[in-house]
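Q: I'd like to learn how to read a fold straight from a model. Can we walk through one together?

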Amino acid sequence: MHTIKSSSGSTSKASRKKAKLKTVKLDASSEPPNKKLRTPPVDRGDDRLWVDKYEPTIEADLAVHKRKVEDVRRWLSEAFEGGSAGKLRKYRRILVLTGPAGTAKTTTLRVLAREMGFEIVEWRNSMSERGPNDSWMDTEALFDKFQAFLTRASSCCNIFAASSAIVSMQPQSHTQPKFPSQSSTSLPSTSSSRPSNCHLILLEDLPNILHLPTQARFHDALQSLCSSSESGPPVVIIISDSGLRGENAYNDDTWDGAGGARWSKKETIDIRSLLGADLSTSPYVTRIAFNPIAPTLMNKALQAMLTKHFASTSGKPPAKDVVEMIVESSNGDIRSAAMALEFACVVTLTKGGGKGKTRRNAAGSARAVLEVVTRREQSLVLFHLMGKILYNKRKGDPPATHLSTRDAAKERELDETLLDPSPLPNWLSEHDRKASRVCLETIASDSPIDSSLLGLYIHENYTMFCTDVDQCDGVCEGLSWVDCVGGNLPSTTPHAFPTLALSTLHALPTPVPRKGQKVCKPSWFDVRNKEQDALEGVGDVVTWLGHGGASDERAPGRWTHADVALELGGWLRAVDRTGIAQLQLPRTHRLFSSLPWCAGGVSGNVLGEDENGEADGVDGDGDIRVLGALRDQKEGKGWWLESDDIEEAE
Amino acid sequence: MSLWVDKFRPKTLDDLHYHQSLSIRLKSLAASADFPHMLFYGPSGAGKKTRISCTLRQLFGSGVEKLKIDQRVFISPSKRKLEINVVQSNFHIEITPSEAGNYDRVVIQDLLKEIAQTQQVDLNAKHRFKVVVINEADSLSRDAQAALRRTMEKYMSNMRIILCANSTSRLIAPIKSRCLLMRVAAPTPEEMQNVLEHVAKKLKFDLPEEASQQIAEDSGGNMRKALLVFEALKMQSPDLSGSLTIAKPDWEIYCHKVADLIVQEQSPARVLEVRGKLYELLAHCIPPTIILKTVAERVVERVDEAMKADVMHWAAFYETRMRLGNKKIYHLEAWVVKVMSLYKHFMYNFDMADFE
């Protein structure tokens, strides 16, 4: 019942012209020149969007950081060939690509498929369930189809494989063929030397994971795929981090004394809920996290796109600063950047190409239009948000030493627009502050995080920015008040965020002394995870006691969690010390029973510039990797907070 | 081998070592035909649960000791599954609804309704009703308490409720008025020494007078703690002679050190250090209210007379907020910072006054 649709690349004359241009570029890169590459067809009459039209086809065109591509490539080659020792193949079963939308996850995979010569078999949920000839008996549940797809895809290989690089398999025969623009343009297989049965299963359009039974079956399906001894094709799963704001999504139930159960059910798709706890930590699964695309790379890619476009069409490419603006406002999403660029070319934004004031005005209006068009919800990076709040800049602050004269002038300009607050009466003089340079409305609306996560970030970091406990008192009081009042309000209340920011700004010293503070990620999540583990330990001990310890007598219900956590610690340690083996104490008790005092503070996890902090708290394991990658990307730029001004490397 | 606390727990009202008058009253109540709803309250480790199980035994005979644990699944309004452990015999059922967190109302309602609607089928049973024991009743949410109130009236014929709580202040008045209140006070040191000696006699060894005295004093009226300390000591030095260092629980020492940190220095860096410690305590499942209480008591010991009231006032203030809010650490830390700020100003003014 499955159709195997193979769309072979149609080459038109126009595309030949493009291909020439492309090969020149290719020679410049390090690719082997004997590879014959063709770009997707580009027609005058082609009404596809630029995103599809100029989708990269070779690795050099990808705007993704080289190391990331290399990671994926290595994984794929290990999956197909087994790595250097030839034994890794067994463990390269599932690759999970994560990252925000528009970070070229799928494109990277497709490009590599093209270069390495394997084919992608993709699952698509089809909603057009029944054709006209189907009786209702024939319909099977969507998930059954998915399972059938998995087994078939892993055991069979495509008979048309020789001619197509990308095969999209659909569960229903009655769905009409996809529009050419939708299924990505496919080329004749570039290297036919590879055996044609090299294919991988791509899962991007996932079954409804939020439905628990489906989730369980999905886990089972993947698990069996991993554990099956004969080596099937590897599976690649692509998850776009959805823009969930704050940790409320992780269901933060209240700490209601010991023994309170915390029900952790996720409402969002992330790697844990997708793969299940044991699978996501098993050696079969590799995770590669994509970061938002760096401005320099994005700039290059957009310029390349422009060159390509205006090589085939007449017209004037938009000015360089328009492109820069697009790059700036896209926030690392190349899809949205390409869209914006196309838009910018359709309507000519910068009319007056003159010098001086007219030009600036034109640029200003262009910026305004583009901002309206490309405006995304998250346009302020968390890193800068924290800088804005914690450095608490106010009117008339002396410019920081590292600021260029241009930026200093910008600050002065900003100061002129700020109104002085009306003077306070004597008895309120302690609350007198200069006008703040921080625009609360903007940061509240542009913030990538919600108020509760903002609270956690402020809480983690404010001490470094205070010079005195009284200032700490102000910040803490604000946090405590908002948490207490907010506890009874729906989490969507619009007032929590500004209140938090305002109380923090009010309490911090002005100006904040600069001593190389680094913004850290909240350790709250770690603590909560630890606490949950310890709580499980308590639970284990309670059950153990309920079963009468090692004796035959069963006496359930005598111990509550709180009693065990508070009073049993000494006894448990004594048992451990004397080493009475026959007791069979649950080992997990050590999580809560012993609490040694160690002097000194704790060191935090430093926040990187391009991180959005959303899922950070929940997976500590991914952090190091992300941070490491960030450091690479920075290319010598300081990767901790030095300035709250958004400056792009020129 | 099980814990001494469990092993030597009195099984009948006659076996109880202290609060004899209470035992007599419970006995006569159990003998009478109409047994009321009851609320046992008192400090932890005073023997509330022991008295409840003794009363149950008095009511129904030894059948109540045949316990089994069931895991019951409740469905919350948002279709979430809640798994709650329920301990029950043929005559009674025991639940700790606070394990369900915010959804305790569902648990209370479903469970009570189910029990209330089933008649006792055992013809030999001494009473027609079943008893529901609700532990940690003071951590029940308002909703759950309201649900309880209605059920208590409605199903009086089939069911009696015994609540067990540390204090009555968090229970709503309608519930208190529907119950017979039973206060189980903490035992005096002498009473505790009696119990300790009784245990020692049962185990056939000698307990030196000083040791029992010290244990009784240190455990502050908490019988369970006393017995646990006793057992741990016995494990460490089997002859129980010489100078015994009775170790306080780790977390208590930890809290005291946190208090010392607060008093020693008042600076943003110190706030950060204290936060690390508070996090550590929370990560070891120490309830935040207990942390706040223990640290505050220690701070009060160490500061000047004039400041004591303020320190306690703010502790109470932030404890309320902690109950209303979500993130306990904010409020703990806010209290710490407040105390630091108070202390700093106090010392500063003090110095000035001295100087003049």
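A: Sure, starting with a definition: a residue is called buried if 20 or more other C-beta atoms lie within 10 Å of its own, and exposed if 12 or fewer do. Keep in mind that this is a predicted model.

Q: What percentage of the residues of chain A count as buried?
A: By that cut-off, 38% of the 650 residues in chain A are buried. Chain A contains 23 helices and 9 strands. Take the chain A contacts with a separation of 6 or more: 79% of them link residues 24 or more positions apart.

Q: Let's turn to chain B. In what order do the strands of the open sheet run?
A: The order is 2-3-4-5-6-1-7, with 7 strands and mixed pairing in chain B. The edges are strand 2 (68-75) and strand 7 (180-183) of chain B; each has a single partner strand, so one side of each is left without a neighbour in the sheet. From one strand to the next, the twist averages 25 degrees.

Q: How many bridges join strand 1 and strand 7 of chain B, and in which sense do they pair?
A: Strand 1 (residues 38-41) of chain B pairs with strand 7 of chain B in the parallel sense, over 4 bridges. For a concrete pair, look at B:Met38, whose bridge partner in strand 7 of chain B is B:Leu180.

Q: Which strands does helix 3 of chain B lie across?
A: Helix 3 (residues 48-60) of chain B lies across strand 1, strand 4 (92-95), strand 5 (130-134) and strand 6 of chain B. Its angle to strand 6 of chain B is about 160 degrees.

Q: Now the cores. Which residues have the most contacts inside the largest nonpolar core?
A: The general idea first: in soluble globular proteins, nonpolar side chains tend to be buried together. Here the largest nonpolar core has 147 residues, and B:Phe40 and B:Leu163 have the most contacts inside it. Helix 14 (residues 328-355) of chain B gives the largest share of this core, 10 residues. Apart from that core lies another, of 63 residues, including A:Ile94 and A:Tyr284. Back at B:Phe40, the residues it touches include B:Lys48, B:Arg51, B:Leu163 and B:Met182, leaving aside those up to four places away in sequence.

Q: One last residue: is B:Ser157 buried or exposed?
A: B:Ser157 counts as exposed because it has 9 C-beta neighbours inside 10 Å, and the cut-off for exposed is 12 or fewer. B:Ser157 sits in the loop between helix 5 (142-154) and strand 6 (159-165) of chain B. The C-alpha atoms of B:Ser157 and B:Phe129 are 6.7 Å apart, although 28 residues separate them along the chain.

Note on methods
Residues numbered from 1 in each chain as written. Chains lettered and ligands numbered in written order. Predicted model: local features only at pLDDT ≥ 70, side-chain atom pairs only at ≥ 80, totals over all residues. Helix = DSSP H or I, 4+ residues; strand = E, 2+ residues; numbered from the N terminus. Pairing = 2+ DSSP bridges. Axes fitted to C-alpha atoms, helices over the stretch in contact; angles between N-to-C directions. Contact = placed C-beta atoms within 7 Å. Core = buried A, V, L, I, M, F, W, Y, C linked by C-beta atoms within 7 Å.
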